[in-house]
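This report describes selected features of a predicted model. It proceeds from a helix and its flanking residue to helix packing and then to individual residues.

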Amino acid sequence: MKQNATPTKSARALPEQSAEQEMLLVACRDVSITFGDGLASVVAVHGTDCSIRADSRVAIAGPSGSGKSTLLHLMAGFEQPTSGTVTWPALPDTGSDLTRGIGVVFQTPSLVPTLNVFENVALPLNLAGEPSTTITERVRSSLELVDAAELENRLPDELSGGQAQRVAVARVLAQRPRLILADEPTGQLDHHTGQRVVDALLATADALGAALVVTTHDEMVAQRLTTRWSMHDGRLQPTAAVNGVLR
């Protein structure tokens, strides 16, 4: 895969969209990203082309350090590519707020320790200025979907790792995103607990009609999604068939 000669910034699509663009949530074109300078520089992602459609269920598999989390961060708009472009054709153009319409579940603990479960799930909605009645309805329905309704008054340090991740998924659900990006969401969990978190992610994506992309080094997790991509040394390998489907 080649790299662009001239670095370019992430960009939004033009307002007029084709039917294909309306389904295309993220498009990475010849994207590379390098951290550091000179001899200390590291190319985390090499000239990658990929796209996520509104109906995608994608697992990005690979060992630690392979670049899969960095690719996810590029899709989320958290990182800017050194070269190539990342566009979000079917997501709203909100200027500097690249993550609008995108919900992210992190591997590491992401709940605010001083807020209880209800308040953690409600936090993004409060920041967005949603009405209190809307917030209450969304928070409680989201917690019910991930089987965590009974936890709403607990603080994060009173939760198990699996419970905390399901609450993090509920927080994403409450925002009603069109694209869910989950970065190693089961990486610190045992097999049974991890499967419950994957159940919650899939149920959330189905309930919202949202696309889902999960990075993982766990083959059992990768097999739960329709499509699997592999990353090695910053390079996205040809897609692999899962459940007989190749995309």
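Which residue follows H2, and what is the sign of its phi? The residue is Gly77, and its phi is positive, near 85°.

## Helix H2

Helix H2 spans residues 68-76, and 7 of its 9 residues are buried, so the helix is largely enclosed by the rest of the structure. The buried positions are Lys68, Thr70, Leu71, Leu72, Leu74, Met75 and Ala76.

Lys68 also takes part in a side-chain interaction with a loop residue: its side chain makes a polar contact with the side chain of Glu184, at 3.2 Å.

## The environment of Glu184

Glu184 is located in the loop that joins strand S6 (179-183) to helix H6 (191-208). Its relative accessibility is 6%, below the 20% limit, and Glu184 is therefore classed as buried.

When residues up to four places away in sequence are set aside, Glu184 touches Lys68, Gln107, Thr215, Thr216 and His217. Of this set, Lys68 is the partner in the polar contact described above.

## Packing of H3 against H4

Two packed helices are described by the angle between their axes and by the distance between those axes. For helix H3 (residues 117-127) and helix H4 (residues 132-145), the angle is about 130° and the axes are 9 Å apart. Angles from 115 to 145 degrees count as oblique, and H3 and H4 are therefore oblique to each other. The crossing of H3 past H4 is right-handed.

On the H3 side, the contact is made by Val117, Phe118, Val121, Ala122, Leu125 and Asn126. H4 contributes Ile135, Thr136, Arg138, Val139, Arg140 and Leu143. By class, the residues of this contact comprise 8 nonpolar, 2 polar and 2 charged.

## Packing of H3 against H5

H3 also packs against helix H5 (residues 161-174), at an angle of about 35° and with the axes 8 Å apart. Here too the crossing is right-handed.

The H3 residues that meet H5 are Val117, Asn120, Val121, Pro124 and Leu125. Their counterparts in H5 are Val167, Ala170, Arg171 and Ala174. This contact is made up of 7 nonpolar residues, 1 polar residue and 1 charged residue. Val117, Val121 and Leu125 of H3 take part in the contact with H4 and also in the contact with H5.

## The environment of Arg224

Arg224 lies in the loop between helix H7 (219-222) and strand S8 (227-232). Its relative accessible area of 31% falls between the limits of 20% and 50%, so Arg224 is partly exposed.

Apart from neighbours within four places in sequence, Arg224 is in contact with Gln195, Val198, Asp199 and Leu202. The side chains of Arg224 and Asp199 form a polar contact at 2.6 Å. Leu202 is 22 residues from Arg224 in sequence, and the C-alpha atoms of the pair are 8.9 Å apart in space.

## Positive phi outside glycine

Asp30, in strand S1 (residues 24-35), has a positive phi near 50° although it is not a glycine. With 7% relative accessibility, Asp30 counts as buried.

Asp233 likewise is not a glycine and has a positive phi, of about 50°. Asp233 is found in the loop between S8 and strand S9 (235-236). Its relative accessibility is 65%, and because this is over 50%, Asp233 counts as exposed.

Key: Residues are numbered from 1 along each chain as its sequence is written. This is a predicted model: local features need pLDDT of at least 70, side-chain atom pairs count only at pLDDT 80 or more; totals for chains, interfaces and linings use all residues. Side-chain values use heavy atoms; hydrogens and water are left out. Helices (H or I, at least four residues) and strands (E, at least two) are DSSP runs, numbered from the N terminus. Buried means under 20% relative accessible area, exposed over 50%, partly exposed in between (1.4 Å probe, protein chains only). A polar contact is a pair of N or O atoms within 3.5 Å; within protein, one must be able to donate a hydrogen and the other to accept it, and residues adjacent in sequence count only if both atoms are side-chain atoms. Contact means heavy atoms within 4.5 Å. Axes are lines fitted to C-alpha atoms, for helices over the stretch in contact, and angles run from 0 to 180 degrees between N-to-C directions. Angles under 35 degrees count as roughly parallel, over 145 as roughly antiparallel, 65 to 115 as roughly perpendicular and the rest as oblique. A crossing is left-handed if the near helix is turned anticlockwise from the far one by less than a right angle, and right-handed if clockwise. Ala, Val, Leu, Ile, Met, Phe, Trp, Tyr, Cys and Pro count as nonpolar, Asp, Glu, Lys and Arg as charged, and the others, Gly among them, as polar.
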